[in-house]
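Subject: Structure handover

Hi there,

Here is the structure I promised to pass on to you. Have a look at it first, and then read on for what I found in it.

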Amino acid sequence: MKNRLLAACMVALLWLTGCANIAPGGPSSTAAPHEGDALTLQPSQEISRLPTRASGPRVPLTPVDTLASPSRAVVPLAPPVDLWDRIRRGYAMPDLDNDLVHDREQWYASRPDYIYRMTERSKKYLFHIVEELELRNMPTELALLPFVESAFNPQAVSGAKAAGMWQFMPATGKYFELKQNAFRDDRRDVLASTRAALDYLQKLYGMFGDWHLALAAYNWGEGSVTRSIAKNQRSGMATGYTDLNMPMETRFYVPKLQAIKNIVSRPDAFNSRLPLIENHPYFQTVTIHRDIDVALAAKLAEVPLDDFKALNPSLNRPVIMAAGTPQVLLPWDNAEIFQSNLESFGGGRLASWTVWIAPTTMRTADAAKRVGMSEADFRAVNAIPPKFMVKAGSSLLVPRANNVSQDVAPTVADNGQVSLAPEIVLKRTVVKAAKGETVASLARKYKVAADQVAQWNKVAQSAAFKPGQQVVMFLPAPPARRAAAPTRTAARKTAPVQRTAVAKKGPATRLAKR
């Protein structure tokens, strides 16, 4: 009540002061103030905009209700001490406190070296993630989620083929527009994967209205969480994170994050040491205008190759294609160094690799020979495993000739794929030529290349064979024969044994069939 009265008095005082400054002739009067008049105060902007007698009747003033006035958040005057302090200030998720959390706290506390290595690895990426979370008004403890997913290793790949520090499955990555082609995998890209992960988490929070359930869905799948909630609802049970029946990995998922959150909040209490991470950007983006070798880009930036790859983990090959990867990340202080060294570079071409499109399906050895590479090098640079051949249309990395100045086309750089097929084992076979048989006719008959038939028999491609002449061919070996099915007699002899086995394992057998 006292606050309301005080506010009303202040408003009245300002209004009376404003009136005292207006001459009797109205606001347009030019009468000068008399000598000895009291010190005049200029009215505030709000009061000066009130209607005057010249524009109509004066609007009466009413006291301001401080309780009804809009509240304003007070911005802390002291900046965060470091990035860890900034993360702590943005915590906004409800805490989880149960035995699983305590179990994970003890597990991490017993491994201080692991915690330090993991947090040290995060230094390159954590500032960017925190910035993105704050821009979206999301809880900053979500910046700690890659500790749970991948220990902040952008090259991590799970047994289920999830990749990157946010661990995107291939299909989920495509849904969130993370490109995956022969030359880059955006599930590993720092900027792209973080954007996709936060998009996904926001989507899940919108579905469930609960961050713990959203995290469970991120790990287990939104459909699984939805079905588990529906099952509990049908049984009249609670539907919170701790109430659902879920796999052990998902049950430990939020407790792991909570344990890491607690360690970041109070590292000394858990025998942990956090490396200093300053509250400023670690990297900045640099535009790439021409294809350039990864090793050369790192050299021009004066950055160790491993550090360059850690900031640009989406690159699958030893060359950066400007049409597909127009930007790279560099440590903040090295971006300008890179630009300066690139402008003054006089060492010839920037890229020593280009892309060759396989015209037909061929053995890896034949493809390597055609582009002038050893089979081992060809397999290594294109990640082709043994006993596989390349299919027609595959985009394969090959050495760039000295006279080639054109960069890889955008369609290839953005969409190139390497398609493989099991290598066909060829067996030397001798066939007899029919009357009028030629190299070309035999090639068509057995679906092989005419030049190969000519090479196998040391004749010209236009050669003809005499009737009955033996011709050497290398044809696919026939598939191995399967074991013969048991005869009726054998089946009768084993029938009683089979019936006995089924009788003993009946329920299990029926479940397996379902």
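To start with a small puzzle: which residue in β7 is the bridge partner of Val355? It is Leu397. Please keep in mind throughout that this is a predicted model.

That pair belongs to a wider pattern. Strand β5 (residues 353–357) and strand β7 (residues 395–399) pair in the antiparallel sense, with 5 bridges between them. β5 is mostly covered, as 4 of its 5 residues are buried.

Now to the cores. The largest nonpolar core is made up of 65 residues. Those with the most contacts inside this core are Trp84, Leu145, Trp166, Phe168, Leu201, Leu215 and Tyr218. Helix α9 gives the most to this core, namely 9 residues. Apart from this core lies another one of 24 residues, which include Trp356, Ile384, Leu397 and Ala413. Leu397, the partner of Val355 in the opening puzzle, is therefore a name to look up twice, as it belongs to that 24-residue core. Leu145 is a good place to step into the 65-residue core. Leaving aside neighbours within four places in sequence, Leu145 is in contact with Trp166, Leu201, Leu215, Tyr218, Tyr253 and Leu257.

Helix α9 (residues 190–208) also holds Ser193. Is Ser193 buried or exposed? Its relative accessibility is 0%, so Ser193 counts as buried. A polar atom of the Ser193 side chain lies 2.5 Å from the backbone oxygen of Asp189. Beyond four places in sequence, Ser193 touches Met165, Trp166, Phe168, Leu178, Asp186 and Arg187.

Next comes helix α10 (residues 211–220), which is mostly covered, with 8 of its 10 residues buried. The buried ones are Trp211, His212, Leu213, Ala214, Leu215, Ala216, Ala217 and Tyr218. Their cover includes α7 (145–150), α9, α11 (222–234), α12 (248–251) and α13 (253–265). Both ends are worth a click. At the N-terminal end, Asp210 acts as a cap, with a side-chain oxygen 2.8 Å from the backbone nitrogen of His212. Just after α10, Gly221 has a positive phi of about 110°.

Helix α14 (residues 294–301) has 6 of its 8 residues buried, so this helix is largely enclosed by the rest of the structure. Val294, Leu296, Ala297, Ala298, Leu300 and Ala301 are the buried residues in α14. They pack against β2 (292–293), α15 (305–311), β3 (319–320), β4 (327–331) and α16 (335–343). Glu302 follows α14 and has a positive phi, near 60°.

Finally, the rings. The count comes to 10 aromatic pairs. Why is the pair of Phe147 and Phe152 edge-to-face? The ring centres are 4.6 Å apart and the planes stand at 70°, so the pair is edge-to-face. Phe147 and Phe152 are both buried. Elsewhere, ring pairs link Phe168, Tyr175, Phe176, Tyr200 and Tyr218 into a cluster.

Two charged residues also sit over rings. Lys261 lies over the face of Tyr91, 4.8 Å from the ring centre. Arg273 has its charged end over the ring of Tyr116, at 4.0 Å from the centre.

Happy browsing, and all the best!

Notes. Residues numbered from 1 in each chain as written. Predicted model: local features only at pLDDT ≥ 70, side-chain atom pairs only at ≥ 80, totals over all residues. Heavy atoms only, no water. Helix = DSSP H or I, 4+ residues; strand = E, 2+ residues; numbered from the N terminus. Buried < 20%, exposed > 50% of the residue type's maximum accessible area, 1.4 Å probe, protein only. Polar contact = N/O pair within 3.5 Å; in protein donor to acceptor, adjacent residues only side chain to side chain. Contact = heavy atoms within 4.5 Å. Pairing = 2+ DSSP bridges. Phe/Tyr/Trp six-rings, centres within 6.5 Å; stacked < 30°, edge-to-face > 60°. Lys NZ or Arg CZ within 6 Å of the ring centre and 35° of its normal. Core = buried A, V, L, I, M, F, W, Y, C linked by side-chain atoms within 4.5 Å.
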